[in-house]
Amino acid sequence: MAHHRLILDDFYKEEYTIVAIHSSVEAYKMAFYLNKYLQLRLKRRRTDLEFSNDGLEVQFPLFEFENNATYTVYNLVANKCRTLMANTTASGSLFQTTSEDYSTSYLIPEYKKVDYFLKITSEYQSVGVKTILSAINTIKPVISAYSIESKDIKSKNNLIFN
């Protein structure tokens, strides 16, 4: 009797483009600038992207715009999340002292220097990445923006937003 093996990777491969953005502005400001310069309508999703990292619950702000005319979905997500870990220690006196430590978690750990990722998913037509990159690089607070090959990303599962 012959054995048949099905590999699910052969059936569905999501085609997307990843743009890495270096900038020191907050996530809502970056979404505003992308809306202004790329004529998008990015809005923050009701639920952020949540992960459990070393026993900590971390949340990455996630913005989304679905263009129904071109069947394209734009997702803007922050790569860094700083979590406050408050440690209260009793000092034996009348007052307690607290020390605050911050833990930094990354959505894509192999790109620790990247501040934001713009994921562009298109079903039918290819997206003009060069025009998008040139528009993003004209934004004043953006230090640099460039495209990343999806095969170079080791933690691709973190880029599944649905």
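A contact here means heavy atoms within 4.5 Å. With that in hand, let us work through this predicted model.

**Exercise 1. Describe the chain as a whole: what is the order of its elements, and what share of its contacts is long in sequence?**

*Solution.* Start with the inventory: the chain has two helices and 10 strands. Next, read them off from the N terminus, which gives β-α-β-β-β-β-β-β-β-β-α-β. Then turn to the contacts: of those with a separation of 6 or more, 64% join residues 24 or more positions apart. Finally, look at burial and surface. Of the 162 residues, 36% are buried, and carbon and sulfur atoms hold 49% of an accessible surface of about 11,400 Å².

**Exercise 2. Check the length of helix α1 (residues 27-38) against the span expected at 1.5 Å a residue.**

*Solution.* First, note that α1 has 12 residues. The expected span is 1.5 Å times one less than that number of residues, so α1 should cover 16 Å. Now compare with the model: the end C-alpha atoms are 16 Å apart, in agreement with the expectation. Just after the helix comes Gln39, with a positive phi near 55°.

**Exercise 3. Which residues of α1 are buried, and why do they line one face?**

*Solution.* Take the cut-off of under 20% relative accessible area for a buried residue. In α1, Ala27, Met30, Ala31, Leu34 and Leu38 are buried. Looking down the helix axis, these buried residues fall within an arc of 100°, so they line one face of α1. Now turn to the face pointing away from the buried side: there you find the exposed residues Tyr28, Phe32 and Lys36. As a last step, ask what the buried residues pack against. Their partners are the strands β1 (16-23), β5 (62-67), β6 (72-78), β9 (116-122) and β10 (142-148), together with helix α2 (129-137).

**Exercise 4. Place α1 in the largest nonpolar core, and follow the contacts of Leu34.**

*Solution.* Begin with the core, which has 25 residues; Ile21, Leu34, Leu42, Leu76, Leu118 and Ile136 touch the most other members. At least two residues come from each of β1, α1, β5, β6, β9, α2 and β10. The largest share, five residues, is that of α1. Now zoom in on Leu34: leaving aside residues up to four places away in sequence, Leu34 touches Ile21, Gln39, Leu40, Leu42, Leu76, Leu118, Ile136 and Ile139. Apart from this core lies another, of 17 residues, including Ala20, Phe60, Cys81 and Val114. As general background, nonpolar side chains in soluble globular proteins tend to be buried together.

Methods. Residues are numbered from 1 along each chain as its sequence is written. This is a predicted model: local features need pLDDT of at least 70, side-chain atom pairs count only at pLDDT 80 or more; totals for chains, interfaces and linings use all residues. Side-chain values use heavy atoms; hydrogens and water are left out. Helices (H or I, at least four residues) and strands (E, at least two) are DSSP runs, numbered from the N terminus. Buried means under 20% relative accessible area, exposed over 50%, partly exposed in between (1.4 Å probe, protein chains only). The arc is that of the directions from the helix axis to the C-beta atoms. Accessible areas come from the Shrake-Rupley method with a 1.4 Å probe; for residues, only the protein chains shown count as cover. A nonpolar core is a set of buried Ala, Val, Leu, Ile, Met, Phe, Trp, Tyr and Cys residues joined through side-chain atoms within 4.5 Å.
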